[in-house]
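Me: Please take a close look at a single part of this structure and describe how that part sits among its surroundings. Plain wording is fine, as I am in my first year.

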Amino acid sequence: MNYVDALEALRSLGPELRTGKGGEPRKFSLEHIRAVLVALGEPQNTFASVLIAGTNGKGSTAATLAAIAAAAGIRTGLYTSPHLVRVNERMKVSGGGDGARLHEISDEDFGRLYGRVDQVANELVEEGVLPHAPSFFERLTAMAFCWFAEQKVELAVLEVGLGGRLDATNSVEPIVSVITDIGMDHVEYLGDTLGKIATEKAGILRENGVLVTLSQHPEANAAIGDAAVRLNVRGVDAARCLPPMREGIREHHPNEPRTLAGDPGQGLGIRKNEYDLAIDGGVIRVDSPLAGQHQQRNLALAIATAIELRTNHGFKITNDAIERGVRATEWPGRLEWIPSQHGHAPLLLDVAHNPAGAWALRAALAQLPEEMPRTLIFSCLADKPLEEMAQVLLPLFDSSSGDPARVHDHVVLAPIQNARAATVEHLLEVAHKLQVPAHAAPHLPGALAQAEAVTPKDGVIVATGSLYLVGELRELVKAEV
């Protein structure tokens with residue numbers, strides 16, 4: 001099968017989380033993906049795996065850890081989801097003599113492997129081994145494992161898609177499991193409390209295995225701790241890899257902190273994460289392109305996992321490799337500055353697609369000068385807690401608040417190309433309930449044009465609320481360069 005046919009076949013599969021004409025929630029089972037993998041020769045057993053679950057930060061943690069491993073000369077695979085622009089982004093492998101860089105799967109390999117997985121899946125359905133065809137995510141997971149096996153990957157860093165216990169990635173036997181921060185998301189599938197959600201995430205743990213994590217909400221801690229004790233898991237606390245505290249605040253590097261690459265200059269940018277860690281008698285200088293204080297927890301998890309891999313699993317990862325990998329991490333759309341183009345204001349992109357992400361973005365925006373004019377481009381999926389996210393973000397751009405610094409601010413609400421997207425009418429309704437002035441755009445290019453027209457060039461346009469919005473807008477802006 002060629003690449004174009006593979007993409008068309010993926011599009012025809014329908015909603016990932018639902019099945020049937022009535023749109024009932026899909027019932028997931030690890031037995032289904034395992035049957036597919038057995039038929040494919042069990043490619044997941046040809047490499048060591050690190051499995052990363054959580055609500056927020058698991059992608060950033062995975063990308064950083066994979067870059068560290070690649071910088072150490074380890075043949076590394078990285079599997080993440082969802083993608084910003086191209087589905088190929090989900091599968092990457094290091095190599096080619098360029099250090100920590102990881103390269104996406106080629107169109108040719110993608111089409112070929114999709115055809116292989118699809119053929120095996122159809123045969124299993126015909127034989128009655130599978131009750132129905134594998135989902136979009138199950139197919140991509142099987143493809144990634146096959147590609148990693150072909151590429152002779154030594155270590156695969158795998159981001160869990162949804163939950164953990166029943167996620168297709170959980171078909172591997174991880175040598176290390178990582179759990180990032182847990183929040184309320186996908187409650188229809190994972191449970192309506194932090195404890196229930198954390199229990200699902202803790203499904204990636206293995207008996208006598210290893211867990212790298214950080215202390216978080218007590219309810220989540222309790223659920224993870226119960227699972228870890230039951231399975232006799234050895235816990236690794238990543239707290240020692242957090243930046244040092246000074247007067248109760250995590251400090252940046254003692255030198256003058258640098259701003260994020262691509263910021264508009266004059267000290268207006270959001271600070272990079274740059275600091276020193278004293279680890280095992282040495283010093284690791286962290287200099288990450290991932291901005292925002294919330295990323296310090298993800299960086300700590302990635303670094304602690306790298307240290308665990310070298311200490312107890314035989315991987316040669318030096319402090320120098322950790323530094324180079326952290327510095328070379330590529331994870332776009334997370335507090336990413338797109339510099340000013342054609343005299344317009346710069347663009348700040350951030351994938352804040354749930355309340356915790358919205359709060360992290362809000363904290364980052366607090367670093368901008370109070371008087372800086374701001375325009376928000378916002379959209380959201382209908383199955384996300386839209387009203388809660390709007391309460392966190394929209395008041396920061398309220399031109400009617402009476403705050404003189406905000407009188408030149410704007411909110412532009414935009415539709416996105418996704419079947420699950422909230423309508424612009426719904427977005428407007430939420431803004432009106434908050435009494436925040438907002439304008440609707442007919443499409444995303446129109447939203448960008450509106451924002452550019454009303455935002456002074458010394459201001460900033462902030463685009464957030466959905467990964468799909470950030471991906472589409474990023475592609476639109478990059479095409480204009």
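Reply: Just after helix α4, Gly128 takes a positive phi of about 80° in this predicted model. The helix before Gly128 covers residues 107-126, 20 residues in total. From its first C-alpha to its last, α4 reaches 28 Å, close to the 28 Å expected at 1.5 Å a residue.

Which residues of α4 are buried? They are Asp109, Phe110, Gly111, Leu113, Tyr114, Gly115, Val117, Asp118, Val120, Ala121 and Leu124. A general point helps in reading such a list: an α-helix has 3.6 residues a turn, so residues three or four places apart point the same way. The cover over the buried residues of α4 includes three helices, α1 (3-11), α2 (30-39) and α5 (136-150). It also includes a strand, β5 (91-94).

Strand β5 leads to the sheet. This is an open sheet of eight strands with mixed pairing, in the order β6-β5-β4-β7-β3-β8-β9-β10. The edges are β6 (102-104) and β10 (234-237); each has a single partner strand, so one side of each is left without a neighbour in the sheet. From one strand to the next, the twist averages 20°. At the β10 end, strand β9 (residues 210-213) pairs with β10 in the parallel sense, over four bridges. Thr213 has Asp237 of β10 as its bridge partner.

Helix α9 (residues 295-312) packs on this sheet and touches β3 (48-53), β7 (155-159), β8 (176-179), β9 and β10. The direction of α9 makes about 165° with that of β8. Helix α9 is also among the elements that the buried residues of α10 pack against, together with α3 (58-71) and β14 (282-288). In α10 (residues 319-328), the buried residues are Asn319, Ala321, Ile322, Glu323, Gly325 and Val326.

One helix pair remains to be described. The axes of α7 (residues 194-201) and α8 (residues 218-230) come within 8 Å and cross at roughly 40°, and the crossing is right-handed. On the α7 side the contact is made by Leu194, Gly195, Ala198 and Thr199. On the α8 side it is made by Glu219, Ala220, Ala223 and Ile224. Sorted by class, the contact of α7 with α8 has five nonpolar, two polar and one charged residues.

Methods
Residues are numbered from 1 along each chain as its sequence is written. This is a predicted model: local features need pLDDT of at least 70, side-chain atom pairs count only at pLDDT 80 or more; totals for chains, interfaces and linings use all residues. Side-chain values use heavy atoms; hydrogens and water are left out. Helices (H or I, at least four residues) and strands (E, at least two) are DSSP runs, numbered from the N terminus. The expected span of a helix is 1.5 Å times one less than its number of residues. Buried means under 20% relative accessible area, exposed over 50%, partly exposed in between (1.4 Å probe, protein chains only). Contact means heavy atoms within 4.5 Å. Two strands pair if DSSP finds at least two bridges between them. Axes are lines fitted to C-alpha atoms, for helices over the stretch in contact, and angles run from 0 to 180 degrees between N-to-C directions. A crossing is left-handed if the near helix is turned anticlockwise from the far one by less than a right angle, and right-handed if clockwise. Ala, Val, Leu, Ile, Met, Phe, Trp, Tyr, Cys and Pro count as nonpolar, Asp, Glu, Lys and Arg as charged, and the others, Gly among them, as polar.
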